[in-house]
Structures are given as C-alpha cells and as structure tokens.
Amino acid sequence: MARMSRPIDAWPDVLEAACAACAHFTRVRVVRSTASTQDVAREAAVGSVIVAGRQTAGRGRQGRAWADTGDAGLAVSFTAPHAVHSWISLAAAIAAAEASEDACMDACETAPIVQLKFPNDLLVAGRKLGGVLVERTADQTIIGIGINCSQREFPAAIAQRATSLALQGFVVDRCDLACRLIARVDQWLHAEAERVASSFRARDSLRGRVVRFVTAAGMIEGLVVDVDPLRGIVVRTSRGDQVLPPEQTSVFVEEDRIGSVQAP
Ligand code: BTN
C-alpha cells in the first residue's frame, strides 16, 4: 500500500543517502521553491544534484516553458563534467524512464511501460510523462529532468497530451522517485553509445512510423528507421535517408504551431 508522501524537510537526508551510493554524484541540494533548478545548478560544483519542492518557471527544450511543478511534479538538475558524452540527453531519458518504472514497482508492485520520443521525451500511453533538458556552460553540463508524478489534472491546453504517474494509476512519493532517478542517472552518465542505442531502441515510440519533424532546415517528413546516439534520428524521406541531430530536432506538434502553450 502506498504510504504518505514525505515532507520536504525529510528529503535532504534521504537524497543524501541516495547520493552516497553513487559513483558520480556526491552532494544534493533541496530547494523548497525555485524558478528553475537549471539556474541553481549553474552555481553548483560538478557532481551535484538539485531537487526542487516546487519549480515555478522551468525551461523546456528549444525555448519552451515547463509547467509549474506545484507540489506534484519532480524537477531535478544534475551537474556533470563538460566533456560528458554528446548522447547524454538520450542516456538521461533512458535513466528517467527506468527510474519512473522502478519507483512504481517499489510503491505499487507494477509499473507502466515508459516509452521515449526522440530525442528525450518520456511517454506513457502516448502522453508526455516527462522530459530532459541538457544545457552546457563553459565548464559543465547540466542535465535537467522533469517527471510528472502526482498531478491529478493539467491545464486544459495540455490535458490531452500530458500524463502523470498518478493519472496512470501509480501513487508514488516524489522523494522516492528522486532517489530512483539519482541512482539511474548515475548509472547512465557515462554509458557507451551502443548500450544507449539498444536501450533507446527498446523504448522508441517513433521507429517504424512516418513522422514530421521540425528541424533547423525546416519541416522534414519521413519513416523513422533508427536512432543513432552519435548522430541523431535516421529518417527515410523521399530524398533518401537523413540524420537529424537531437539539438535541432523536435517532433512536429500541431498545438505548438498555433499557440504558445507548452507541453509539461
Ligand atoms: C522538455 O520536455 O522540453 C524538457 C523539460 C525539462 C524540464 C526539467 S524540470 C528540471 C529542469 N529545470 C528546468 O527548468 N527544466 C528541467
């Protein structure tokens, strides 16, 4: 049976214990409320984990916003060496998917199937459960992960596209989810390309589908053939195979074109 959620005052000790078991993350900072954990992370040393009780102005990829997490979403940023692998965003998405499943298994003895949508969206039942934002500064890489944990509803504009673990029937404590996330990001931080590729393929929601992508070169439509962590997503178009790099690629979503509302 699911137990009561841990109060935020109890988070530091629990999360520090999670870090103590890590190879790469040695310190954790819990902030009650912040605009963005990515900004707090900029001031932190490499090997830090920043966890927010609430994030009010989170950032998503490509200049999008990430909805206020209230007391229901999980917002975490990790600081890694600047030279971490270029495919870290794919590896972080795998870590977040595994952590979500782990936390559900712990709490409910069953788990949803978390799929990935290139480059780093987490999906359950075709709806967005979470996302990854990787930002690089002069001396470090900041890996931001948002997971919708306990939300029972979303704003109308995104309600059709978003989901949470709770909406999928899994009551999970955010602090437990954060512990699982810390452990999985630690495991995937320096994973080799082939391991990332095979794990991403196993969760890939796009392979075998005809998809429209927004890219730096404009809209590209084609059959998704594969994901190559070193280069990007491989798409078969009428002009032959094209490889779209993760930094400049997102799946075209009709709502993004007609409004300013962002997916959580
Ligand atoms: C996306 O789907 O576009 C990426 C969303 C990333 C959101 C996380 S929440 C923790 C970290 N802090 C932020 O401001 N953004 C990331």
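Visitor: What counts as a helix or a strand here?
Guide: Helices (H or I, at least four residues) and strands (E, at least two) are DSSP runs, numbered from the N terminus. This is a predicted model, in which local features need pLDDT of at least 70, side-chain atom pairs count only at pLDDT 80 or more, and totals for chains, interfaces and linings use all residues. Residues are numbered from 1 along each chain as its sequence is written, and side-chain values use heavy atoms, with hydrogens and water left out.

Visitor: Then where is Asp-226 found?
Guide: Asp-226 belongs to strand S11, residues 218-228.

Visitor: What joins the side chains of Asp-226 and Arg-201?
Guide: The two side chains share a polar contact of 2.7 Å. Such a contact is a pair of N or O atoms within 3.5 Å; within protein, one must be able to donate a hydrogen and the other to accept it, and residues adjacent in sequence count only if both atoms are side-chain atoms.

Visitor: How far is Asp-226 from Arg-59?
Guide: Their C-alpha atoms are separated by 28 Å, and the two residues are 167 apart along the chain.

Visitor: Now the ligand. What does Arg-59 offer there?
Guide: A backbone N or O atom of Arg-59 lies 2.7 Å from an oxygen atom of the ligand.

Visitor: And Lys-128?
Guide: An N or O atom in the side chain of Lys-128 is 2.6 Å from a ligand oxygen atom.

Visitor: What about Gln-55?
Guide: A polar side-chain atom of Gln-55 lies 2.9 Å from a nitrogen atom of the ligand.
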